[in-house]
Amino acid sequence: MERKIEGITLELVQGDIAAQEDMEAVVNAANAELKIGGGVAGAIHRGAGPELETACRPLAPIEPGEAVITKGFKLPNDYVIHTLGPVYGRDKPGSELLADCYRNSLLLADGESIESIAFPAISTGAFGYPKQEAAEIAFRSIGEIAGELNNVSKVRFVLYGEHDYQVHSNVLERILQDS
Ligand code: AR6
């Protein structure tokens, strides 16, 4: 599905974050050390090749909510933006830290003149954030920052399964109806 939020095209698709060929940047749901891990981080590092870990080394560690940028190496994308989501119930306030991930990733992309960026559902895997709650935070923070972006015009959410896609679509429809 595709919707306009504050002049930005927000797209929801089901798929693999490491296979977004038409996006200039993809976001990694990273670990603090910016090393290869499971889930999204595993897929992105495998797709980019070992040069990505080497490029990440001087940038680590990062804090929850922070975002840093590298090249995409063997990925189809020019850039990877690495952000560390909060661990649900541990890193507090979780909702603000998760919103910071989206806000800081978008501001960093915009500062690099990036026009298109794809996000996974940060913190909703190994870090345990409930998906519906995380989706609300993600879409609201994108809506809040959209007016400040000069270059980013397309934001894609890449959901891994049919259920996650459905949850995110429902939340987005509801938020747009309420606003
Ligand atoms: N493409 C899109 N979404 C995916 C993919 C993929 N290839 N693989 C998983 N997801 P996670 P987190 C979904 O665990 O919760 C890592 O090990 C997944 O179903 O990747 O922020 C790191 O090293 C879930 O909905 O990220 C960190 O230690 C969402 O992406 C830690 O996990 C995020 O799942 C980060 O945990």
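Helices here are DSSP runs of type H or I with at least four residues, numbered from the N terminus. With that in hand, let's work through a few exercises on this predicted model.

**Exercise 1. Look just past the end of α3 and describe the backbone of S113.**

Solution.
- Step 1: Just after α3, S113 has a positive phi of about 60°.
- Step 2: S113 sits in the loop between α3 and β6, and the residue is not a glycine.
- Step 3: Decide whether the residue is covered. S113 counts as partly exposed because its relative accessibility is 43%, and that class lies between 20% and 50%.

**Exercise 2. Find L34 and decide whether it is buried or exposed.**

Solution.
- Step 1: L34 belongs to the loop between β3 (25–29) and α1 (39–48).
- Step 2: Its phi is near 60°, again a positive value in a residue other than glycine.
- Step 3: The relative accessibility of L34 is 2%, so L34 counts as buried; the cut-off for this is under 20%.

**Exercise 3. Check the length of α3 against its expected span.**

Solution.
- Step 1: Helix α3 covers residues 94–111, and it has 18 residues.
- Step 2: The expected span is 1.5 Å times one less than the number of residues, so α3 should span 26 Å.
- Step 3: The end C-alpha atoms of α3 are 26 Å apart, which agrees.
- Step 4: Now see what surrounds the helix. Its buried residues include L97, L98, C101, Y102 and L106. Among the elements that cover the buried residues of α3 are β3, β4, β5, β6, α4 and β7.

**Exercise 4. Classify the ring pair of Y102 and F157, and say which parts of the chain it links.**

Solution.
- Step 1: A pair of aromatic rings is described by the distance of the centres and the angle of the planes.
- Step 2: The structure holds five aromatic pairs. In the pair of Y102 and F157, the centres are 5.8 Å apart and the planes make an angle of 15°.
- Step 3: Planes under 30 degrees apart count as stacked, so the pair of Y102 and F157 is stacked.
- Step 4: Y102 lies in helix α3 and F157 in strand β7 (residues 154–159), 55 residues apart, and the pair thus links distant parts of the chain.
- Step 5: Both Y102 and F157 are buried. Ring pairs join Y102, F119, F139 and F157 into a cluster.

**Exercise 5. Place β7 among its partner strands and follow the chain into it.**

Solution.
- Step 1: Strand β2 (residues 8–14) pairs with β7 in the parallel sense over six bridges. Here V158 of β7 is the bridge partner of V13.
- Step 2: Strand β6 (residues 116–119) also pairs with β7 in the parallel sense, over four bridges. In β7, R156 is the bridge partner of A118.
- Step 3: From β6 the chain passes through helix α4 (residues 131–146) to reach β7, and this β-α-β crossover is right-handed.
- Step 4: Five of the six residues of β7 are buried, which leaves the strand mostly covered.

**Exercise 6. Which loops hold P61 and P93, and what peptide bond leads into each?**

Solution.
- Step 1: P61 is in the loop between α2 (51–56) and β4 (67–71). The peptide bond from A60 to P61 is cis, with omega near 0°.
- Step 2: P93 is in the loop between β5 (79–83) and α3. The peptide bond from K92 to P93 is cis as well, with omega near -5°.

Technical notes
Residues are numbered from 1 along each chain as its sequence is written. This is a predicted model: local features need pLDDT of at least 70, side-chain atom pairs count only at pLDDT 80 or more; totals for chains, interfaces and linings use all residues. Side-chain values use heavy atoms; hydrogens and water are left out. Rings of Phe, Tyr and Trp (its six-membered ring) pair if their centres lie within 6.5 Å; planes under 30 degrees apart count as stacked, over 60 as edge-to-face and the rest as tilted. Helices (H or I, at least four residues) and strands (E, at least two) are DSSP runs, numbered from the N terminus. Buried means under 20% relative accessible area, exposed over 50%, partly exposed in between (1.4 Å probe, protein chains only). Two strands pair if DSSP finds at least two bridges between them. A crossover is right-handed if, with the strands pointing away from the viewer, the path from the first strand over the helix to the second runs clockwise. Contact means heavy atoms within 4.5 Å.
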